[in-house]
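Hi,

Here is the structure we talked about, ready for you to open. My notes on the ligand site and the internal cavities follow below.

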Amino acid sequence: MSPRLVPAASDPAGRRERPLTITVDGEPLTGIAGQTVAGVLLAAGRPAWRRAPSGAPRGVFCGIGVCFDCLVTVNDERDVRACRRRARDGDAVTTQSRAQGDERDGRRAR
Amino acid sequence: MTGRHVVVVGAGPAGLAAADAALAAGAEVTLIDSAERPGGQYHRMLPEAYEATDPGALQHGYRSFDRRSRRVLGHPRCSWWAESSVWALERRDSADDGPPLVHVLRGTPRRRHVLEPDALVLAVGAHDRVLPFPGWDLPGVYTAGAAQALAKGERVVVGDRVVVAGTGPFLLPVATSLLEAGSRVLAVVEAAGPAAVARGWLRRPWELTSQLGKSGELLSYTARLGRHRVPYRMGRAVVEARGDGRVEEIVTARVRADWSVVPGSEHVTAVDALCVGHGFTPQLELPVAAGCDLRPAAGGSAAGSPADVFVSVDDDQRTSRPGVYAAGEITGVAGAPAARAEGAVAGWIAAGGDRGARALVTLGRSRDQGRAFAARLALAHPVGRAWPGWLRPDTVICRCEETTYAAVCRSAADPTRTEPQVAKLATRAGLGPCQARVCGPTVAELRRSTDQGAGPHHRPVAEPIRLGELARPPEPPPGRATPATPATPSTPTDSPAEESTS
Ligand SMILES: Cc1cc2nc3c(=O)[nH]c(=O)nc-3n(C[C@H](O)[C@H](O)[C@H](O)COP(=O)(O)OP(=O)(O)OC[C@H]3O[C@@H](n4cnc5c(N)ncnc54)[C@H](O)[C@@H]3O)c2cc1C
Ligand code: FES
């Protein structure tokens with residue numbers, strides 16, 4: 001199994017779920033209001049979305065904005081740390097890659 | 001009222017206590033945190049949009065934290081700057097001019113501000129330290145803190161067959177949070193052997209009773225792990241993670257006191273997530289930018305490692321720079337109660353509070369107990385020096401640039417590359433987006449025989465800033481509170497015991 005969201009019904013914190021939809025490279029993913037972009041991706045069963053220079057996959061590592069493994073583009077804003085950005089309904093997320101020759105190569109835009 | 005303007009960076013247990021005490025002493029306070037809500041790592045809160053009816057269900061000491069954060073954030077002399085990052089500190093021409101200017105990016109979209117405080121309290125905390133091992137860069141391998149932040153902060157669990165590994169008591173709350181959120185925790189794997197743990201925790205047990213809050217909390221974690229029959233394996237370490245595109249299995253092995261692997265003791269376990277933490281690395285870029293002296297960690301066999309440094313402070317939490325104070329995890333890893341006590345002392349003194357205040361004696365005592373606790377932690381859970389034995393030549397050391405162990409060794413052996421900066425350019429380790437926050441301590445340790453000069457915490461900017469933001473002139477601080485009512489200094493209100501009783 002993959003990362004997942006604790007079901008609201010059994011959550012002792014007693015929380016509400018308001019669904020939202022973002023797109024990731026054009027594909028719609030649903031999450032709930034308050035989740036980070038990384039949280040939405042993980043709970044949707046995607047443990048990785050970025051590529052390191054060798055092409056190796058990267059997702060969340062530190063979870064608190066330190067490692068920069070989780071970088072994505074959100075609505076044309078490059079290099080956003082997915083673990084720190086709250087997802088907003090309608091956000092268009094584009095994944096990034098630092099691999100040579102990848103059309104999403106981050107270094108060109110740096 | 002003292003009329004002093006105290007800027008507090010970080011609203012974790014230390015920063016919040018500092019703001020509270022500075023307000024009590026009559027100062028005007030600007031409290032800055034890059035997060036949306038106060039609490040820091042320890043009191044990580046659910047997002048507002050979750051509208052949690054019982055947020056305290058997931059936290060120790062929530063009630064007194066909640067009381068304090070309402071008191072501070074609602075105070076007429078406090079300006080609360082959420083979602084604001086301090087990206088640089090600018091030293092003034094002469095030290096007599098006071099603490100450095102504080103450069104802040106505030107809110108979304110981010111606006112630039114420059115603050116000119118009379119005193120500056122740095123309470124920016126720490127992040128997990130993770131030693132590399134083959135496969136540690138596979139997706140599904142998380143820092144222990146990441147698993148904790150996701151579970152406590154947004155109710156996402158990282159997997160269903162999880163191993164929590166590394167060293168230190170922090171592994172226990174992480175495993176507990178995962179259990180609480182419904183994961184199966186297969187084991188907690190602690191590299192320190194039973195002898196080291198016993199030496200640290202069982203010697204002079206009366207010292208521990210003074211940290212009742214903390215050890216009581218630890219007992220509750222242990223009880224919970226026991227109820228769920230989660231094995232706590234001491235003297236073992238995760239030495240490899242394997243999988244095709246994500247972690248599928250891990251190899252654990254018995255390790256000796258120096259963390260060298262006992263051959264033949266390897267064991268393979270199927271997992272869908274691995275959470276690792278080998279202690280904490282203080283976030284030192286702001287203290288370093290302010291010019292604060294650092295000190296090596298006390299005790300532990302890791303003493304002398306260039307990776308183990310903290311901000312040096314005196315009994316008043318003063319750093320070596322005039323007007324600059326430090327509190328919490330950046331001065332030593334001792335847990336939340338000690339961070340709170342340090343913060344309260346720092347805030348009170350930074351605000352010009354009376355040094356004879358009776359509460360200060362109590363606070364000072366609990367701060368000292370916290371320091372003793374930190375020394376014990378270091379003794380019970382030192383990082384064994386033989387850990388590089390886990391590495392293979394092609395193991396990635398720098399996750400950003402994918403510099404391998406072999407490349408780091410080559411540069412460490414090269415006599416023309418004794419300068420860390422030269423080595424950095426040659427290997428690219430530490431030049432990627434994270435600016436060596438993750439690999440810096442590791443590289444420093446692997447090069448410990450070669451390196452001269454600057455440590456791993458020199459970074460020109462503490463937070464990434466975009467060129468467009470830099471080009472715009474800073475705006476005058478808007479929300480800075482104007483004191484409406486003259487304040488009467490009271491006393492620093494913290495008794496760290498307060499927090500553990502709720
Ligand atoms: C991910 C993680 C999870 C943890 N969870 C627990 C736990 O569940 N239980 C436990 O006992 N211990 C936990 N710890 C240990 C924890 O660090 C301490 O217990 C305690 O929180 C330390 O308090 P502090 O005030 O020193 O720092 P922190 O709580 O870390 O607070 C520092 C604050 O400073 C802010 N900050 C940092 N840099 C800047 C900047 N440049 N500009 C603006 N703001 C900034 C941060 O956003 C943060 O809110 C955790 C540590 C980590 C890294
Ligand atoms: S996971 Fe490390 S910065 Fe987002």
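**Ligand site and cavities**

Domain 1 (5-127 + 281-378) and domain 2 (130-278) of chain B each give at least three residues to the shell around ligand 1. Please keep in mind that this is a predicted model.

Let me stay with the ligand for a moment. Ligand 1 sits between chains A and B. Around ligand 1 there are 31 residues, and the nearest of them are B:Ala14, B:Asp33, B:Gln41, B:Gln148 and B:Glu329. Sorted by class, the shell holds 14 nonpolar, 12 polar and five charged residues.

Which elements of chain B supply at least two residues each to this shell? They are helix H1 (13-24), strand S4 (84-90), strand S8, helix H3 (144-154) and helix H9 (336-350).

You may like the backbone contacts, which I list here:

- B:Gln41 has a backbone N or O atom 2.8 Å from an oxygen atom of ligand 1.
- B:Tyr42 has a polar backbone atom 3.2 Å from an oxygen atom of ligand 1.
- B:Ser34 has a polar backbone atom 3.2 Å from a nitrogen atom of ligand 1.

How much of ligand 1 does the protein bury? On its own, ligand 1 exposes 980 Å², and the protein buries 94% of that.

Now to the empty space. The structure contains four cavities of 30 Å³ or more. The largest cavity encloses about 100 Å³. It is lined by 14 residues, with B:His127, B:Asp128, B:Arg129, B:Val130 and B:Val438 closest to its centre. Two elements of chain B, strand S8 (126-128) and helix H13 (440-446), give two or more residues to that lining. Strand S8 is thus a name to note twice, as it also supplies at least two residues of the shell around ligand 1. In the lining of the largest cavity, seven residues are nonpolar, four are polar and three are charged.

The second largest cavity has a volume of about 70 Å³. Its lining is made up of 10 residues, and those closest to its centre are B:Arg91, B:Gly98, B:Pro99, B:Pro100 and B:Arg321. By class, this lining has six nonpolar residues, one polar residue and three charged residues.

If you want a place to start, try the ligand between chains A and B, then go on to the largest cavity and its lining residues, B:His127 and B:Val438 among them.

Best wishes

Terms used. Residues numbered from 1 in each chain as written. Chains lettered and ligands numbered in written order. Predicted model: local features only at pLDDT ≥ 70, side-chain atom pairs only at ≥ 80, totals over all residues. Heavy atoms only, no water. 1 Å grid on protein atoms, 1.4 Å probe; cavity = no way out; pocket = protein on both sides within 12 Å on 5 of 7 lines; lining within 4 Å. Points joined across faces, edges and corners; volume = space filled by probe spheres on them. Helix = DSSP H or I, 4+ residues; strand = E, 2+ residues; numbered from the N terminus. Nonpolar A, V, L, I, M, F, W, Y, C, P; charged D, E, K, R; others polar. Near = heavy atom within 4 Å. Polar contact = N/O pair within 3.5 Å; in protein donor to acceptor, adjacent residues only side chain to side chain. Areas by Shrake-Rupley, 256 points an atom, 1.4 Å probe, with all protein chains shown as cover. Domains from an automatic or database assignment.
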